[in-house]
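Q: Please take a close look at one spot in the backbone of this model. Then work outward from there to the packing of the helices and the contact between the chains.

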Amino acid sequence: MTAALRHAGMIAIAVVVLFPLLFAVSTSLKSAAELGRYPPSLWPQAPVLDNYGDALTKAPLGRFLLNSAIQSGTVTAGQLLTSSLAAFAFVFIDFPGRRVLFFAFLATLMVPLEVTLIPNYLTVRALGWLDTYPALVAPFLATAFGTFLLRQFFLTIPRELADAARMDGCSRRRFLWTIVLPLARPALATLGIYAFLSTWNQYLWPLLVINSTAMRTVQIGLSLLQSQEAVSWGLVMAGVVLMVLPTAVVFLLGYRHVVRGLTAGAVKG
Amino acid sequence: MTPRARRELLSALAYLVPSLAAFVLFVFYPLVRNAQLSLYETDPFGGLGLYAGAGNYARLAASPVFLNSLRVSFLFALYTVPAGIVIGLPLALLANRPVRGITIYRTAYSFTIAVSIAAAALIWAWLFDPNVGVLDYVMGLLHVPAVGWLTDPRWALPAVAAATVWKDLGFNVVVLLAALQGVPDDLVEAARIDGAGAWGVFRHVVVPAISPALFFVGVVGTIGVLQSFGQINILTQGGPVESTNVIVYSIFRNAFVNFRFGLAAAQAMVLFGLMLLLTVLQFTVFERWVTYQ
């Protein structure tokens, strides 16, 4: 088989796999007249951006995207901070009870969202947080996965470095901020990308704790728009494209990190 | 405890407190609270009423709706997990070939990782649409009579499963590709020299070598689809006639539509038990493989 033929085959398969998404992009660019046509055309004759304008103005998709950005940004920053601190303690401080506490961290990985859903909803309601950003952010501020990922990386930093820094009168805090974290940038990137993708794509929890239109994340806002109102599929597909765009960019730029994050539990070594 | 040990403990706690506080408030306390709720009658605001003992669990065991949701979840896993592997493995094999620009193909084949379940469900809702949906059009071209994808109780679960397989494909490709990259070249070479064809190499060298990853995708995939909610809520709301009422959707309905928190908490405990069982299975089988090799 020639190389060109092989490429043609692999591209064709990529198109089949991505067909639902590509067709969504194509539909989002169709005019109202062309959307009404059946059978649907594969590609718009004259691409227009009307659906995007409508999505951002008629449906408050801009507001939904902003809410999602605030939630995902805060959760990502929070997870990077809490995991860095915890992983640092587990690796560089020799304290009694270290094994027990680390085990307690790992145990949280076994607890699925569904088991904590009802009590967490009741907690958030009791705190008066329903329909606020804290409800979207607080439950996700700590992560055992992130702590574990950073711990594995911190373990590769020679202990002699910590001892030498100590000798030179460098405090633990300064050692963390000026030496450990800069060295750990690849691991931090992996965690950051993973945290952003999973928070941006959340569905069930935001659905429960958000009631008002203005506070909806984009996942909730767009799905409710589709189910409750008679909106055109062109507008919904424009919304889908806008909703997938940030995670698509992060995925394409950080492909290596995504792979590392996803296979951390799957492949040994 | 020596003074030094105490000092180190206090120092460590200062670093651990942010995570610990979040875990106590949002994981450990709710876990205990959920177990407690499952043993009580609850009022519509989630307050504890009379102690019910195993009452909620007994009610579940006798509830046709709950038993149906277990059956639906089991079927849903059966429709999605094997299909995800059967489609994901060839894609991973393609993505593992030494071709120029392979990274582009790898990102394309695993791209659905970036797609949220809501986005996937909305796209498929439109593909399934009885008026403008492209699926009915394609079936018309093939002279296959149209079916009510999301409105026919026989087709709704397979339809939701199709959307789910598509969404999870990216994850399967990434994990299986990572495993394929770990298959030693000399092993493949040796088999070739012994006269094995492409199929023989695949069947007798590659598959055994990646069997832990295949198993991982199977178990993690099953755990994942047992937690499915978004695609159900967007595509079918559990219907038609309960045919897509998976466990998590049924928990959601009991807790946040019918406000029967105690009963929903008991359902969540049952789901938790199922997932623990799968996790234990994964670890024990994994252990066996690792020591065997």
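A: Asp131(A) is partly exposed, because 15 other C-beta atoms lie within 10 Å; the class begins above 12 such neighbours and ends below 20. The model is predicted, and this applies to each value that follows. Asp131(A) sits in the loop that links α6 and α7 of chain A. Its phi is positive, about 70°, although the residue is not a glycine.

Confidence in this chain can be put in numbers. Chain A has a mean pLDDT of 92, with 97% of its residues at 70 or more. Helix α7 of chain A (residues 133–137), at one end of the Asp131(A) loop, has the highest mean pLDDT among the elements of chain A, 98. The lowest, 84, belongs to helix α15 of chain A (residues 255–263). Where pLDDT is low, predicted coordinates should not be read in detail.

A second positive phi is found in chain B. His143(B) has a phi of about 60° and is not a glycine either. The residue lies in the loop between α6 (134–141) and α7 (156–181) of chain B. His143(B) counts as exposed, because it has 6 C-beta neighbours inside 10 Å, whereas Asp131(A) is partly exposed.

Chain B also holds a cis peptide bond, from Gly239(B) to Pro240(B), with omega near -15°. Pro240(B) is in the loop between α10 (230–235) and α11 (247–256) of chain B. Of the 10 residues of α11(B), eight are buried, so this helix is largely enclosed by the rest of the structure. Among those buried are Ile247(B), Val248(B), Tyr249(B), Ile251(B) and Phe252(B), along with Ser250(B) and Asn254(B).

Back in chain A, α6, at the other end of the Asp131(A) loop, takes part in the contact between the chains. In that contact, 68 residues of chain A meet 71 residues of chain B. Besides α6 (113–126), the elements of chain A that each supply at least two residues are α1, α4 (61–92), α12 (204–209), α13 (218–228), α14 and α15. By class, the side of chain A that touches chain B comprises 51 nonpolar, 13 polar and four charged residues.

Helix α1(A) shows this contact in detail. It packs against helix α4 of chain B (residues 102–109) at an angle of about 20°, with the axes 9 Å apart. The two helices are therefore roughly parallel, and the crossing is left-handed. On the α1(A) side the contact uses Met10(A), Ala14(A), Val17(A) and Leu18(A); on the α4(B) side it uses Tyr105(B), Ala108(B) and Tyr109(B). By class these are seven nonpolar, no polar and no charged residues.

Helix α1 of chain A (residues 3–28) also packs within its own chain, against α14 (residues 233–253), at about 120° and with the axes 8 Å apart. At that angle α1(A) and α14(A) are therefore oblique to each other. The crossing of α1(A) and α14(A) is left-handed. Here α1(A) contributes Ala24(A), Val25(A), Thr27(A) and Ser28(A), and α14(A) contributes Trp233(A), Gly234(A), Met237(A), Ala238(A), Val240(A) and Val241(A). This contact between α1(A) and α14(A) has seven nonpolar, three polar and no charged residues.

Methods
Residues are numbered from 1 along each chain as its sequence is written. Chains are lettered from A and ligands numbered from 1 in the order in which they are written. This is a predicted model: local features need pLDDT of at least 70, side-chain atom pairs count only at pLDDT 80 or more; totals for chains, interfaces and linings use all residues. Axes are lines fitted to C-alpha atoms, for helices over the stretch in contact, and angles run from 0 to 180 degrees between N-to-C directions. Helices (H or I, at least four residues) and strands (E, at least two) are DSSP runs, numbered from the N terminus. Angles under 35 degrees count as roughly parallel, over 145 as roughly antiparallel, 65 to 115 as roughly perpendicular and the rest as oblique. A crossing is left-handed if the near helix is turned anticlockwise from the far one by less than a right angle, and right-handed if clockwise. Two residues are in contact if their C-beta atoms, placed from the backbone, lie within 7 Å. Ala, Val, Leu, Ile, Met, Phe, Trp, Tyr, Cys and Pro count as nonpolar, Asp, Glu, Lys and Arg as charged, and the others, Gly among them, as polar. pLDDT is the predictor's confidence in each residue, from 0 to 100.
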